[in-house]
Amino acid sequence: MRCAWSASPLLFTLFLLLIGPGTAAAREQLEAVLADPAASAEARGLAVAEAARRVDAGYGDELVAVRMVLHDARGSSSERAIRIATLEGVEEGDRSLILFDAPRDQRGTALLTWNHAQREDDQWLYLPSLRRAKKIAARNRSGPFAGSEFAFEDLTAEETSNYRWRFVGEVSCGEGRCYEVERFPVESWSGYSRQQVFYDTATLRIERIEYFDRRGDALKTFVAGDWSLHDDRHWRAGYMDMRNHQTGRRTELLWSDHSFGNGLGADDFSTAALQRLN
Amino acid sequence: MRCGLARPLLGLLLLLSTLLGAEGAQAQAVSNPFAGSAGPRTEFDASVALQLRGFPRRGELGQDRLQPSAAVEFTLRRDWNAGADSLTLSPFYRFDPEDGQRRRGDLREAFYSHVGSGFEIHAGLRRVFWGQTESKRLVDVLNQVDLVENVDEEDRLGQPMLSLTLLRDWGVLEAYLLPGFRERTFASTDGRLTGPFAIDEARSGIRRVAKGRVDWALRYSHLIGDVELGLSWFEGTNREPDFAVVGPVEQGVPIRLRPEYGAMSQFGLDAALIRGDWAFKLEALRRGGDAPSHSAVVLGFERTLVGALGRADLGLLLEYLFDDRGRRTPLLAYANDVFAGLRIGFNDLADSELLAGVIVDHRSGRQVWSLEASTRIGRHWRLSAQARAFAGVQALRAGDLTGLLEPGRQWGALVRDDYLELELTRFF
């Protein structure tokens, strides 16, 4: 769900000055692939995903606070407050740390994830009452995260190699235009058969995702909004909504207090670091 | 001779700190990713718990079938220097109208931490967890077991320590100096679970071999490919006491036991390997000292089936427990047992969960059943239930010394102490 600032061709020069050549190159490459009539739908789909990832690259690390509001089908709701720290991977995949602040009985519980592009991710659950960092199966990622409609796999930055991609076309979405791209999880443990992803053509932000379960039936709809721009280049949603069509359950995420480039390092994303979070 | 071992360890600590001073200078030190650059932060947590234990039978020593109690725990944490330095204070108090041994306060933690680039130093009373397996915490020996809280050995007393942790590409190295020894806590004859015993804590003792020295420990852990590996060495006072029978033994009168703590050296190994939805776990130890040396192993797996029960996840656990002391294996250790269990994560709004299992000695048929479940009520309350039952072994009655000395019969002591515990906790 990392999407970043990009520009229409008109803003291209200004964009180059602001962002530097990496982002502009990603954008240029995408336009070239999409303009190439010989490019396959798979190549085009992957190109959109790669470009979206590259325009957001270089954030270094990120801190954010999230309020989750969980609604069940009967109208009951429950809230969770979490904080997330992410370290952008350079050679290895990204690392992330999720810390629970509320409900109070879950306070101090944390989840540490090391993403890997080529092999299974490493993940630890920290149980504060036992002072225990317990290594857990990354397959748990297809289950509900903290009782919400988000699976853990919906919340983490995607490695493009985790999917097969297919470009569908350009469609209107909301006030703007979107690239519609289908992606098919490569991992056998994924809870999905496919996802339809809508990238805003101007910014390459993900605006909407339709999830289909393993039987191929419509399962969930994800919508992002209330966008803000950080450091002139990183777009972040302030609001996310996930509706489960099969159960009637729904989860809202309210994101706040984004901060980038906090000088975090690998030590902060170690099992030892789990013992001293607060 | 043992006394002298603390000195080389101190030397090692000094050498390591010199090394890390040279190595860690260039990187920016951030000790807590969430601390930010804000000034000192103070965090306060508290919980109050009401507990009721119900026993289907009166205790062997005539104790009541109901045991109510209440506990309060605070945690105060203050950090400064962007989280690099911190103080943690965590007092605990339980009031139990029946059992004087459970009417007590304890400092669960009280320590200072400094976190630098690639190293950590902790000084004070702390709790540290080692290990991987679910049915038994075999290699985890730094902290004394707080047995009056729970016989599952999961509750631990704070241990005075000075520790240094090095975080390196080649792994994590921890060195501990452990001045001071804390004795295990036991229920009094007015409380439970006691079996037919009266533990004479006033006369308990640390044997001379274990006296007048500073315990120490080293641990190395690293993620090697898919395998999380831990190697540990502990040199010091055995946290597990032996018991000596004191005073005259009479039929119908509780056997008085005096806990005695000897010296031990322990090598521990723990490992976990995750493959798909399988988690394989292993713990093993070799322990020497003034008691005859012995080895013990726990190994097994947990398989997690996501969405196996609709929204809920199902975990299946199977572990084998071995101890080469065989029929001389003491209570709460397992010589030749199989643990089978299941875990359910309900993935509901209340974060409900359940863990149930049984440890069976397949030769004698002795079983230890356990059930733990909890759910949140409203926003601030949590309701927990815990049950334990001991079956498949002949009850050991008060004054039955012959029975006690019979190998494999010790578990009979707990047969009348099956219980169900309900706890309601308010979090602040």
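The paragraphs below lead through some local features of this structure, which is a predicted model, beginning with ring contacts in chain A and ending with backbone details in both chains.

Aromatic side chains are a good place to start, since the count over all chains comes to 18 aromatic pairs. One of these pairs is formed by A:Y163 and A:W165, whose ring centres are 5.4 Å apart and whose planes meet at 65 degrees, an arrangement described as edge-to-face. The label follows because planes over 60 degrees apart count as edge-to-face. Both partners can also be placed with respect to the surface: A:Y163 has a relative accessibility of 10% and counts as buried, and A:W165, with a relative accessible area of 6%, is buried as well. The ring of A:Y163 has a further neighbour, for A:R183 lies over its face at 4.4 Å from the ring centre. A similar description applies elsewhere in chain A, where A:K220 lies over the face of A:Y211, at 5.2 Å from the ring centre. Rings can also gather into groups, and A:F100, A:F145 and A:F152 form one aromatic cluster.

Turning to chain B, the reader can look for a nonpolar patch on the surface, made up of B:F44, B:F74, B:L76, B:L89 and B:L107, which together have about 420 Å² of accessible area. Among them, B:F74 is located in strand β2, which covers residues 66-80 of chain B. With a relative accessible area of 35%, B:F74 is partly exposed, because that term covers values between the 20% limit for buried and the 50% limit for exposed.

The backbone deserves attention too. In chain A, the peptide bond from A:A102 to A:P103 is cis, with omega near 0 degrees, and A:P103 belongs to the loop between β4 (95-102) and β5 (110-114). In chain B, the peptide bond from B:R192 to B:L193 is also cis, with omega near 15 degrees, and here B:L193 lies in the loop between β7 (171-178) and β8 (197-199).

Finally, which side of the burial limits do two asparagines of chain B fall on, buried or exposed? B:N81, in the loop between β2 and β3 (85-95), has a positive phi of about 55 degrees although it is not a glycine, and with a relative accessible area of 52% it is exposed. B:N347, found in the loop between β18 (336-345) and β19 (353-361), likewise has a positive phi, near 55 degrees, without being a glycine, but at 13% relative accessibility B:N347 counts as buried.

How values were computed
Residues numbered from 1 in each chain as written. Chains lettered and ligands numbered in written order. Predicted model: local features only at pLDDT ≥ 70, side-chain atom pairs only at ≥ 80, totals over all residues. Heavy atoms only, no water. Phe/Tyr/Trp six-rings, centres within 6.5 Å; stacked < 30°, edge-to-face > 60°. Buried < 20%, exposed > 50% of the residue type's maximum accessible area, 1.4 Å probe, protein only. Lys NZ or Arg CZ within 6 Å of the ring centre and 35° of its normal. Patch = residues over 30% accessible without salt bridge, like charges linked within 9 Å, V, L, I, M, F, W, Y side chains within 5 Å. Areas by Shrake-Rupley, 256 points an atom, 1.4 Å probe, with all protein chains shown as cover. Salt bridge = Lys/Arg side-chain N within 4 Å of Asp/Glu carboxyl O. Helix = DSSP H or I, 4+ residues; strand = E, 2+ residues; numbered from the N terminus.
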